[in-house]
Amino acid sequence: MPLRPPDWFDKVTPVSITGLGLIGIDEKTNVMFWDGKRLITEKRFGRLAIVGLFIAGIGVAATVVQAWAAVAFFALADPLNFVRFYIGALGRLLVAAVSCVIGSAAW
């Protein structure tokens, strides 16, 4: 039996060479098995992750409101300049999209 590293819990022991022969993988689904029984793994969101998502959502909402206010102010200050800017931005977006399509088609 291999030696257990000192920072492991007391009840945890390393797997022997014989024990490694008990590990199996279903190649179609990539599911892992131990001695013929499926190993279950879980991913859980803790409370900290939920709070972080909530704070990020508030940040996104604030950014959208600020951007909307800036665009509205720009449009009201000089409507003709706003229309020119908007048409120019749409043109640049169209050029970028076409470039991406042409670039991906070349691959």
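Me: In β2, which residue is the bridge partner of Ile-23?
Reply: Quick background: this is a predicted model, where local features need pLDDT of at least 70, side-chain atom pairs count only at pLDDT 80 or more, and totals for chains, interfaces and linings use all residues. Residues are numbered from 1 along each chain as its sequence is written, and side-chain values use heavy atoms, with hydrogens and water left out. Strands here are DSSP runs of E with at least two residues, helices are runs of H or I with at least four, and both are numbered from the N terminus. β1 and β2 run antiparallel and are joined by four bridges, and the β2 partner of Ile-23 is Trp-34.

Me: And in β3, what does Trp-34 pair with?
Reply: β2 and β3 also run antiparallel, with two bridges joining them. That makes them a pair, because two strands pair if DSSP finds at least two bridges between them. The β3 bridge partner of Trp-34 is Lys-37.

Me: Which strands stand at the edges of the sheet?
Reply: Three strands make an open sheet with antiparallel pairing, in the order β1-β2-β3. Two of these strands have a single partner strand each, so one side of each is left without a neighbour in the sheet. The edge strands are β1 and β3.

Me: Which residue in the turn between β1 and β2 has a positive phi?
Reply: Most residues other than glycine have a negative phi. β1 (23-26) and β2 (31-34) have a loop between them, and the two strands form a hairpin with four residues in between. The residue with a positive phi of about 60° in that turn is Asn-30.

Me: Is Asn-30 buried or exposed?
Reply: Buried means under 20% relative accessible area, exposed over 50%, and partly exposed in between (1.4 Å probe, protein chains only). Asn-30 has a relative accessible area of 62%, so it counts as exposed.

Me: What about the β2-β3 hairpin: how accessible is Asp-35?
Reply: That hairpin has two residues between its strands, and Asp-35 sits in the loop there, ahead of β3 (37-38). Asp-35 isn't a glycine, yet its phi is positive, about 55°. On accessibility, Asp-35 counts as partly exposed, at 49%.

Me: Where in the protein chain is confidence highest?
Reply: pLDDT is the predictor's confidence in each residue, from 0 to 100. The chain averages 82, and 94% of the residues score at least 70. Confidence is lowest in helix α3 (residues 79-106), at a mean of 79, and highest, at 91, in β3.
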